[in-house]
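Here are some worked exercises to try with the chain open in your viewer. Have a go at each task before you read the solution below it.

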Amino acid sequence: MERRKFLQNAGIAGILAAGAAPAVHAQTAPAIRWRLASSFPKALDTIFGAADVFAKTVSEATGGKFTISVHAGGELVPAFGVVDAVQQGTVECAHTAPYYFFGKDDTFAMDCAIPFGLNSRQMTAWMYEGNGLKLFREFYKQYNIVNFPLGNTGAQMGGWYRKEIKTLADIKGLKMRIGGFGGKVLSAIGGVPQNIPGGEIYQALEKGTIDATEWVGPYDDEKLGFQKVAKHYYYPGWWEGGPQLTLYVNQKAYDALPKDYQAILAAAASHAHIDMQAKYDVKNPAALKRLVANGAKLHPFSKPILQAAHAAAMDLYSDLSAKNPAWKKIYSDYAAFRDEQNMWFRFTEAGFDNFMQTGRGTAKAAPKKK
Ligand code: CA
């Protein structure tokens, strides 16, 4: 009886809530239509899909008054033309990986991933509660852009290699497809970074035009079938420890939004940001199992390789700090935050993860008492 009464009341409350909100919006809220240019193809459903999650949330929270249509890379503007398009107001917003634009300014990369940078949780902490968002809002002003974190893949894998990579000597002359900014460090330790579009990597690897490639992680890599032509699968992707995707909004379009739409836009981006990492964490384990069952051989990079790459990365960051004031300003904050975070994470977070993910997994069960 009590339960039934409770359900009836909950039902009425639910109907009132659902009915009231759109009515308020209908009277006061303007209808706004935006277009979002993604840098990604629809086939990358997790990354591309984050923009859909964002747009759907905005629409639902405004009773369908504020709608954003989501367009795949190349549909409205070229995949790598989205910064220019938002800057010029050709589109109101875009979803992309900022490190694609390090050619404009290396500083872009820090809003996404730099080698030996922040992991996914640390990056979110820096953006939301550290100085990350504040510093990048200042940086992007010159591009008429207001930025919002929108997704993270988590630490990526270190890629697919035709031959095993045991020592630094195996990196010398290694022709590897690697995304953007990470290639600078790869070349500093002797590798030869190659820039090849996603759709052409498999063939280049099969023919031996390249010796290795990295892409994202098990879920996305599996779709491209690399294990058939380069079975050695390395980890970790030290150039992408927690790459963040970003929503770029044209400043003028943002300023013209009612305050409640601005709040909804920020909340929807934040929701999609968390949702993308959650999807990867759910999809990657099963994909990794399938890849190994289909012939992938998992290897960790050796410590000397990681140390050499780390040293080269730190040299690169010193050089950039000497040359580029924008880089220096943001990197000094980023680096201090990274060191502080790793000082903290190494104790209880790493201690717990280590035990649960390696110690416990390899420990033998205690012998049964008779
Ligand atoms: Ca990658």
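## Exercise 1: a loop residue with an unusual backbone

F116 is placed in the loop between β3 and α4, where helices (H or I, at least four residues) and strands (E, at least two) are DSSP runs numbered from the N terminus. The model is predicted, so local features need pLDDT of at least 70 and side-chain atom pairs pLDDT 80 or more, while totals for chains, interfaces and linings use all residues. Residues are numbered from 1 along each chain as its sequence is written, and side-chain values use heavy atoms, leaving out hydrogens and water.

**Task.** Find phi of F116, and decide whether F116 is buried or exposed.

**Solution.**
- Step 1: Phi of F116 is near 55°, which is a positive value in a residue other than glycine.
- Step 2: The relative accessible area of F116 is 19%.
- Step 3: Buried means under 20% relative accessible area, exposed over 50% and partly exposed in between, with a 1.4 Å probe and protein chains only. F116 is therefore buried.

**Task.** Now do it again for N144: where does N144 lie, and how accessible is N144?

**Solution.**
- Step 1: N144 sits in the loop between α5 and β4 (145–152).
- Step 2: Phi of N144 is positive, about 55°, although N144 is not a glycine.
- Step 3: With 36% relative accessibility, N144 counts as partly exposed.

## Exercise 2: two helices side by side

**Task.** Describe how helix α5 and helix α12 are arranged, and list the residues in the contact.

**Solution.**
- Step 1: Two packed helices are described by the angle between their axes and the distance between the axes.
- Step 2: The axes are lines fitted to C-alpha atoms, for helices over the stretch in contact, and angles run from 0 to 180 degrees between N-to-C directions.
- Step 3: Helix α5 (residues 132–140) and helix α12 (residues 325–345) have axes that come within 10 Å and cross at roughly 170°.
- Step 4: Angles under 35 degrees count as roughly parallel, over 145 as roughly antiparallel, 65 to 115 as roughly perpendicular and the rest as oblique. So α5 and α12 are roughly antiparallel to each other.
- Step 5: Contact means heavy atoms within 4.5 Å. On the α5 side the contact is made by L135, F136, E138 and F139, and on the α12 side by A326, K329, I330 and D333.
- Step 6: Sorted by class, this contact has five nonpolar, no polar and three charged residues. Here Ala, Val, Leu, Ile, Met, Phe, Trp, Tyr, Cys and Pro count as nonpolar, Asp, Glu, Lys and Arg as charged, and the others, Gly among them, as polar.

## Exercise 3: the rings around F139

**Task.** Which geometry does F139 have with F108, and which with Y140?

**Solution.**
- Step 1: Rings of Phe, Tyr and Trp (its six-membered ring) pair if their centres lie within 6.5 Å; planes under 30 degrees apart count as stacked, over 60 as edge-to-face and the rest as tilted. This rule gives 32 aromatic pairs.
- Step 2: F108 and F139 are an edge-to-face pair, 5.4 Å centre to centre with 80° between the planes.
- Step 3: This pair joins distant parts of the chain, 31 residues apart: F108 belongs to the loop between β3 (93–96) and α4 (120–128), and F139 to helix α5.
- Step 4: F139 and Y140 have ring centres 5.4 Å apart and planes at 65°, so this pair is edge-to-face.
- Step 5: F108 and F139 are buried, and Y140 is buried too.

## Exercise 4: one arginine and one alanine

**Task.** Where is R338, and which residues does R338 contact beyond its neighbours within four places in sequence?

**Solution.**
- Step 1: R338 is in helix α12.
- Step 2: R338 has a relative accessible area of 8% and is buried.
- Step 3: Beyond those neighbours, R338 is in contact with F116, G117, L118, M314 and Y331. That list brings back F116, the loop residue with positive phi.

**Task.** Which residues does A50 touch, apart from those up to four places away in sequence?

**Solution.**
- Step 1: A50 lies in helix α2 (residues 45–61).
- Step 2: A50 is buried, at 2% relative accessible area.
- Step 3: The residues A50 touches are H95, L150, A272 and M276.
- Step 4: A50 and H273 are 223 residues apart along the chain, yet their C-alpha atoms are separated by 7.4 Å.
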